[in-house]
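Here's a friendly walk through a structure you haven't met before. Have a look at it first, and then we'll go through it piece by piece.

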Amino acid sequence: MTDKSLISITDFSREEILRIMELAAEFERDSSQQTLQGKIVASLFFEPSTRTRLSFESAANRLGASVIGFSEPGNTSVTKGESFHDTIMTVANYSDIIVMRTNLEGAPRYASEISRVPIVNAGDGANQHPTQTLLDLYSILKTQNRLDGISIMLVGDLKYGRTVHSLIQALAEFGARFTLVAPRELELPQEYKDFLHERGLTFVETTEIGQEIGNVDIVYMTRVQRERFSDTMEYERVKNVYVLRNEMLAGTRPNLRILHPLPRVNEIAVDVDSNPKAYYFEQTENGVYVRMAIMSYLLGLK
Amino acid sequence: MKHDKKLEVTAIENGTVIDHIPAASLFKIIDILRLDKETHRITFGTNMESKRMGTKAIIKINDRYCAPEEINRIALVAPNAVVNIIEDYAVTKKLQVEVPDEIRGFAKCANPKCITNHEQMGTAFKVVRGVDGRGEPSLKCCYCEKVTYLDQLQIIK
Ligand SMILES: [Zn+2]
């Protein structure tokens with residue numbers, strides 16, 4: 001029972017994370033609960049993101065709420081020079097909760113300071129995307145029946161991938177064991193390695209997926225983007241190293257599941273899709289239940 | 001109170017003397033304390049000899065006393081600065097500056113995509129000290145969560 005915002009995954013305690021997991025499971029069992037009946041959800045996408053927006057709007061509709069807002073800033077007061085401050089103050093008067101996506105980092109935090117209704121950060125630039133992290137956690141919990149002591153392999157762009165950073169921060173609360181697979185140019189930033197060291201958590205760093213895949217419960221794939229490389233030769237050299245293929249899954253743990261925040265490009269070969277260990281499409285579906293849980297929790301309705 | 005015979009800047013009757021400033025930080029401190037907007041008489045000395053520091057800078061502000069939170073702002077760029085409160089030509093108080101835990105309002109976030117660089121609003125930072133709590137302080141933005149290192153520090157005018 002709360003009336004707070006969700007801006008950064010670290011805003012939620014371990015207990016609150018577990019509460020969201022519980023509520024998401026409840027909504028998955030019965031997704032027709034009209035918990036937000038009569039409420040208005042404002043969905044402000046200052047930066048377009050169809051996938052995330054549809055997931056939120058689907059969640060809001062399932063909860064019985066009405067949705068107002070915009071899917072891109074074109075032709076709104078924002079492009080007519082209105083300050084972010086004034087947009088938020090106005091929209092807060094029209095709605096009960098604001099979901100927002102922007103490329104300006106820190107904008108949702110600022111919004112939460114000035115808005116009288118809760119703010120949900122649906123991604124602010126390279127900074128945070130906490131609802132993605134919570135749905136990743138829910139997918140892990142659902143497939144492994146636990147969050148404590150998970151062995152997870154994170155593959156690809158560990159330098160710029162905000163979903164990776166937030167997931168590491170969240171899983172650290174549950175004592176995970178990390179295998180970090182990335183090209184040197186995209187390895188995990190020092191501050192997150194320090195973060196793990198401080199908590200006494202072990203992690204292995206490697207530049208190839210290799211045999212270690214046989215020792216993990218979760219493989220979390222991310223996109224390796226060409227524009228992240230200062231040297232395009234280097235990109236050409238590594239781009240195929242970070243592709244997961246079906247034959248690599250032979251001999252892996254039976255409980256292993258493959259996650260990916262989507263959209264994927266080519267980092268998971270299509271022959272993996274039919275493997276029962278592929279979980280990335282179910283992961284998307286879980287996003288709706290988790291977002292139902294988050295909005296209900298923040299409004300103090302659950 | 002004993003006066004240095006070689007004192008290069010004249011003594012003041014009442015006010016504040018900030019000593020042991022690294023010469024390179026003088027102009028940052030002028031910005032931080034907004035001394036360029038002051039109407040009080042102020043004397044600056046820089047590239048002065050210092051046994052401890054090689055060269056140092058000194059600032060003397062007539063008839064003005066700075067609040068501790070104001071003084072502590074300068075600790076970021078002058079961690080060894082000493083603030084002398086002068087009354088009737090005598091030092092009545094000597095304060096060592098301390099790096100605060102939080103900084104509000106005068107430092108600029110180095111992240112060009114940070115909301116604070118696009119909106120008319122104040123900035124806010126937590127002062128962090130790297131891995132193990134030692135090391136040089138740096139500023140973690142309360143909004144974009146990125147770190148501004150001291151060598152990137154710009155003061156909002
Ligand atoms: Zn910032």
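## A well-covered helix

Let's start with α9 of chain A, which is mostly covered: 14 of its 19 residues are buried. Keep in mind that this is a predicted model. From its first C-alpha to its last, α9(A) reaches 27 Å, close to the 27 Å expected at 1.5 Å a residue. Just after α9(A) comes A:Gly300, and its phi is positive, near 70°.

## The nonpolar core

Which helix gives the most to the largest nonpolar core? That core has 116 residues, and A:Val219 and A:Met295 are the ones touching the most other members. The top giver is α9 of chain A (residues 280–298), with 9 residues in the core.

You can zoom in on A:Val219 to see what its surroundings look like. Setting aside residues up to four places away in sequence, A:Val219 touches A:Met153, A:Val155, A:Ile213, A:Leu244, A:Leu256 and A:Ile258.

## A loop residue to look at

Now hop to A:Asn275, which sits in the loop between β9 (257–259) and α9 of chain A. Is A:Asn275 buried, partly exposed or exposed? There are 14 other C-beta atoms within 10 Å, so A:Asn275 counts as partly exposed.

Leaving out neighbours within four places in sequence, A:Asn275 is in contact with A:Asn246 and A:Leu249. If you look for A:Ile258, one of the residues that A:Val219 touches, you'll find A:Asn275 and A:Ile258 9.7 Å apart, C-alpha to C-alpha, with their positions 17 residues apart in sequence.

## Chain A as a whole

Stepping back, chain A comes to 9 helices and 9 strands. Its radius of gyration is 19 Å, close to the 19 Å that the globule rule gives for 302 residues, so chain A is as compact as a globular protein of that length. Along the principal axes, the C-alpha trace of chain A spans about 55 × 45 × 40 Å.

How much of chain A counts as buried? The figure is 46% of its 302 residues. As for contacts in chain A with a separation of 6 or more, 75% of them come from residues 24 or more positions apart.

## Two domains in chain A

The domain assignment splits chain A into domain 1 (9–128 + 287–298) and domain 2 (131–284). Taken over C-alpha atoms, the centres of domain 1 of chain A and domain 2 of chain A are 26 Å apart. Where the two meet, 17 residues of domain 1 of chain A are in contact with 15 residues of domain 2 of chain A.

Which elements build the domain 1 side of that meeting place in chain A? At least two residues each come from α1 (14–29), β4 (119–124) and α9 of chain A. The largest share, 5 residues, is supplied by α1(A). Sorted by class, this side of domain 1 of chain A has 10 nonpolar, 4 polar and 3 charged residues.

## Meeting chain B

Chain B has 2 helices and 11 strands. Follow the sequence along and chain B reads β-α-β-β-α-β-β-β-β-β-β-β-β. For 157 residues, a compact globule would have a radius of gyration near 15 Å, and chain B has 17 Å, which agrees. The C-alpha atoms of chain B fill a box of roughly 50 × 35 × 25 Å along the principal axes.

Of the 157 residues in chain B, 28% count as buried. When you take contacts in chain B between residues at least 6 apart in sequence, 60% join residues at least 24 apart.

## Two domains in chain B

Chain B is also given two domains by the assignment: domain 1 (15–96) and domain 2 (102–155). The centres of domain 1 of chain B and domain 2 of chain B, over C-alpha atoms, are separated by 23 Å. Here 5 residues of domain 1 of chain B are in contact with 6 residues of domain 2 of chain B. On the domain 1 side of chain B, the classes come to 2 nonpolar, no polar and 3 charged residues.

## Where the chains meet

Finally, how many residues of chain B are in contact with chain A? There are 15 residues on the chain B side, in contact with 14 residues of chain A. By class, the side of chain B that touches chain A holds 8 nonpolar, 4 polar and 3 charged residues.

How values were computed. Residues are numbered from 1 along each chain as its sequence is written. Chains are lettered from A and ligands numbered from 1 in the order in which they are written. This is a predicted model: local features need pLDDT of at least 70, side-chain atom pairs count only at pLDDT 80 or more; totals for chains, interfaces and linings use all residues. Domain bounds come from an automatic or database domain assignment. Two residues are in contact if their C-beta atoms, placed from the backbone, lie within 7 Å. Ala, Val, Leu, Ile, Met, Phe, Trp, Tyr, Cys and Pro count as nonpolar, Asp, Glu, Lys and Arg as charged, and the others, Gly among them, as polar. A nonpolar core is a set of buried Ala, Val, Leu, Ile, Met, Phe, Trp, Tyr and Cys residues joined through C-beta atoms within 7 Å. A residue is buried if 20 or more other C-beta atoms lie within 10 Å of its own, exposed if 12 or fewer, and partly exposed in between; C-beta atoms are placed from the backbone. Helices (H or I, at least four residues) and strands (E, at least two) are DSSP runs, numbered from the N terminus. The expected span of a helix is 1.5 Å times one less than its number of residues. The radius of gyration is taken over C-alpha atoms; the globule rule is 2.2 Å times the number of residues to the power 0.38.
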